[in-house]
Amino acid sequence: MKLDAIDLRILEAIQADGRITKLALAEKAGLSPTPCWVRLRKLEKAGIVTGYHARLALRRVAPVASVFVEVTLGNHRQADFDRFERAIASTPEIVACWSVGGGVDYMLKVVTADIDAYQRLVDELLGRDIGIDRYFTYIVTKTVKEEAVLPLDSLLPQVN
């Protein structure tokens, strides 16, 4: 789907405020409400807009431990990657997983109640024999920036 400047304004607006009203979205996009809503539905149907979420200040609710983990698998057949990825997808404490190039196979972002809970999770994953050969843990001591809004202006070519 080819995006134009109006589509980009719609995407920027809903990224900043997923609860924006139809009228406010139309104003930001420079359209009347019905055509704006039609465009938003097209963006959703095309899979460009994949959902709407609330950002939580979880540390205001309960103490949490955020941990990044580098994972290297013991074998590198497609079946090994598939088995690992299925296990990760079904583990709610693993909130993000990226397959990466370089010296490791995956980077994980894990959120648990505390470091003990994190270690129990790792022990459980190792016990499931999902192919983990090595892992390195990096405990987040301070969040400097965690942005959910993508910088569309600098990522996408200029459109009219």
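**Notebook: salt bridges, loops and a patch**

I ran a search over the whole structure, and it finds 7 salt bridges. Note to self: this is a predicted model.

**R39 and D7.** I looked up this pair first. The side chains of R39 and D7 form a salt bridge, at 3.0 Å from N to O. R39 sits in helix α3 and D7 in helix α1, so the pair ties together parts that are 32 residues apart in sequence. I then checked how covered each partner is. R39 is partly exposed, with a relative accessible area of 24%, while D7 is buried at 5%. Helix α1 covers residues 5-16. Which residues does D7 contact, leaving aside its neighbours within four places in sequence? I get K2, R39 and L43. D4 also comes into it: D4, D7 and R39 are linked in a network of salt bridges.

**R77 and D80.** Next I pulled up R77, which makes a salt bridge with D80, the closest N and O atoms being 3.1 Å apart. R77 is exposed, with 51% relative accessibility. D80 is buried, at 3%.

**K109 and E146.** Here the closest N and O atoms of the salt bridge are 2.2 Å apart. K109 lies in strand β3 and E146 in the loop between β4 and α6 (152-155), so this pair ties together parts that are 37 residues apart in sequence. K109 is buried, with a relative accessible area of 17%, whereas E146 is exposed at 55%.

**D105.** I wanted a charged residue without such a partner, and D105 fits: it is buried yet has no salt bridge. How far away is the nearest side chain of opposite charge? That is R134, 7.1 Å from D105. A salt bridge needs the nitrogen within 4 Å of the carboxyl oxygen, so R134, at 7.1 Å, does not make one with D105. What I do find is a polar contact of 2.8 Å between the side chains of D105 and H76. D105 is in the loop between β2 (94-99) and β3 (106-112). Not counting residues up to four places away in sequence, D105 touches V71, T72, L73, H76, F81, W98, S99 and V100.

**D129.** I stopped at the backbone here. Most residues other than glycine have a negative phi. D129 is not a glycine, yet its phi is positive, about 50 degrees. I place D129 in the loop between α5 (115-127) and β4 (132-139). D129 is exposed, with a relative accessible area of 58%.

**T91.** Is T91 buried or exposed? Buried, with a relative accessible area of 5%. T91 lies in the loop between α4 (78-89) and β2. Leaving aside neighbours within four places in sequence, T91 is in contact with L121, L125 and R128. I also took the C-alpha to C-alpha distance from T91 to V110: 9.6 Å, with their positions 19 residues apart in sequence.

**K45.** K45 is in helix α3 and counts as exposed, at 77% relative accessibility. I checked K45 against L73, 28 residues apart along the chain, and their C-alpha atoms are separated by 36 Å.

**Surface patch.** Last entry. L56, L58 and V61 make a nonpolar surface patch of about 340 Å². Where is L58? In the loop between α3 (33-45) and β1 (65-73). L58 is partly exposed, with a relative accessible area of 36%.

Key
Residues are numbered from 1 along each chain as its sequence is written. This is a predicted model: local features need pLDDT of at least 70, side-chain atom pairs count only at pLDDT 80 or more; totals for chains, interfaces and linings use all residues. Side-chain values use heavy atoms; hydrogens and water are left out. Patches are made of residues with over 30% relative accessible area and no salt bridge: like charges are joined within 9 Å, nonpolar side chains (Val, Leu, Ile, Met, Phe, Trp, Tyr) within 5 Å. Accessible areas come from the Shrake-Rupley method with a 1.4 Å probe; for residues, only the protein chains shown count as cover. Helices (H or I, at least four residues) and strands (E, at least two) are DSSP runs, numbered from the N terminus. Buried means under 20% relative accessible area, exposed over 50%, partly exposed in between (1.4 Å probe, protein chains only). Lys and Arg count as positive and Asp and Glu as negative; His and the chain ends are not counted. A polar contact is a pair of N or O atoms within 3.5 Å; within protein, one must be able to donate a hydrogen and the other to accept it, and residues adjacent in sequence count only if both atoms are side-chain atoms. Contact means heavy atoms within 4.5 Å.
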